[in-house]
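Please find below my notes on the model you sent, set out point by point for checking against the coordinates.

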Amino acid sequence: MNSFPHSTVRIVSLLAAFFLSACLSEDESYGKFWSSRENPNPPKNLQVPSNAPSITNVFYESASNHKSKEQLGIDITSTLGTPVIAAANGRVLKVFTEPFYGKNIVLEHGTDEDGTPIFTHYKHLDSQLVSVGDTIARGQQIGTLGRTGILSGSFLHLHFEGQKEGRLGQIVQMDPNELWVNGPERVTCFDDTSTWPVT
């Protein structure tokens with residue numbers, strides 16, 4: 001976990017990218033947020049740049065441990081084949097296809113300041129453009145947006161998750177909406193001319 005450029009990742013800097021190929025256009029379908037009716041606590045002040053792909057769902061966990069009523073990431077919609085980019089420097093941990101989420105990629109990003117391993121997970125991809133073990137730079141294209149897997153509902157979107165390793169090695173979900181470089185609920189687009197505070 002320590003051989004790529006930044007082996008320690010500040011959690012607040014993890015989402016320096018918007019997950020897609022920056023902010024792409026001023027298309028009228030961009031820059032919006034639609035909250036799921038099932039989400040009991042949608043963000044009140046989510047700011048999506050007008051040229052950023054729209055967010056159709058945000059993170060929420062079930063208070064009753066009813067897993068089918070949880071959304072453990074962010075759903076971002078755009079057109080088929082829209083580039084999906086790495087949210088932070090890292091290494092490809094997994095590239096696989098399974099029935100529910102279709103084509104998946106998992107990146108490992110080293111550890112946070114407490115030594116906790118950090119990961120990002122990209123689901124429903126149309127294509128996977130990396131291989132296990134590849135070293136990835138923040139902003140590098142790793143796949144394309146799609147609608148693979150039963151749980152995509154044939155709806156074109158990227159399901160993106162931020163994760164960390166918990167006790168006994170289990171995966172703990174993080175709310176990606178709390179991790180934007182510009183602050184919680186402030187969607188930050190990838191800009192390769194900017195320097196982000198990754199240590």
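The points below deal with strand pairing, the nonpolar core and ring contacts.

1. The model is a predicted one, and I begin with strand E5 (residues 102-111), which is mostly covered, since nine of its ten residues are buried.

2. On one side of the pairing pattern, E5 runs antiparallel to strand E4 (residues 90-98) over seven bridges, and the hairpin that joins E4 to E5 does so through three residues. Within this pairing, threonine 97 has lysine 103 of E5 as its bridge partner.

3. E5 is also joined to strand E6 (residues 117-128), again in the antiparallel sense, by six bridges, with proline 117 in E6 serving as the bridge partner of threonine 111. The hairpin of E5 and E6 has five residues between the strands, and glycine 115 takes a positive phi near 85° there.

4. The largest nonpolar core holds 24 residues, of which Leu107, Tyr122, Ile142 and Leu158 touch the most other members. At least two residues of this core come from each of strand E2 (74-76), E5, E6, strand E8 (141-145) and strand E9 (158-165).

5. One aromatic pair is found in a search of the whole structure. The ring centres of tyrosine 122 and phenylalanine 160 lie 5.2 Å apart with the planes at 70°, so the pair is edge-to-face. Because tyrosine 122 belongs to strand E6 and phenylalanine 160 to strand E9, the pair ties together parts that are 38 residues apart in sequence; both residues are buried.

6. A separate ring contact deserves a look: the charged end of lysine 123 sits over the ring of tyrosine 101, at 3.8 Å from the ring centre.

Key. Residues are numbered from 1 along each chain as its sequence is written. This is a predicted model: local features need pLDDT of at least 70, side-chain atom pairs count only at pLDDT 80 or more; totals for chains, interfaces and linings use all residues. Side-chain values use heavy atoms; hydrogens and water are left out. Buried means under 20% relative accessible area, exposed over 50%, partly exposed in between (1.4 Å probe, protein chains only). Helices (H or I, at least four residues) and strands (E, at least two) are DSSP runs, numbered from the N terminus. Two strands pair if DSSP finds at least two bridges between them. A nonpolar core is a set of buried Ala, Val, Leu, Ile, Met, Phe, Trp, Tyr and Cys residues joined through side-chain atoms within 4.5 Å. Rings of Phe, Tyr and Trp (its six-membered ring) pair if their centres lie within 6.5 Å; planes under 30 degrees apart count as stacked, over 60 as edge-to-face and the rest as tilted. A charge sits over a ring if NZ of Lys or CZ of Arg is within 6 Å of the ring centre and within 35 degrees of the ring normal.
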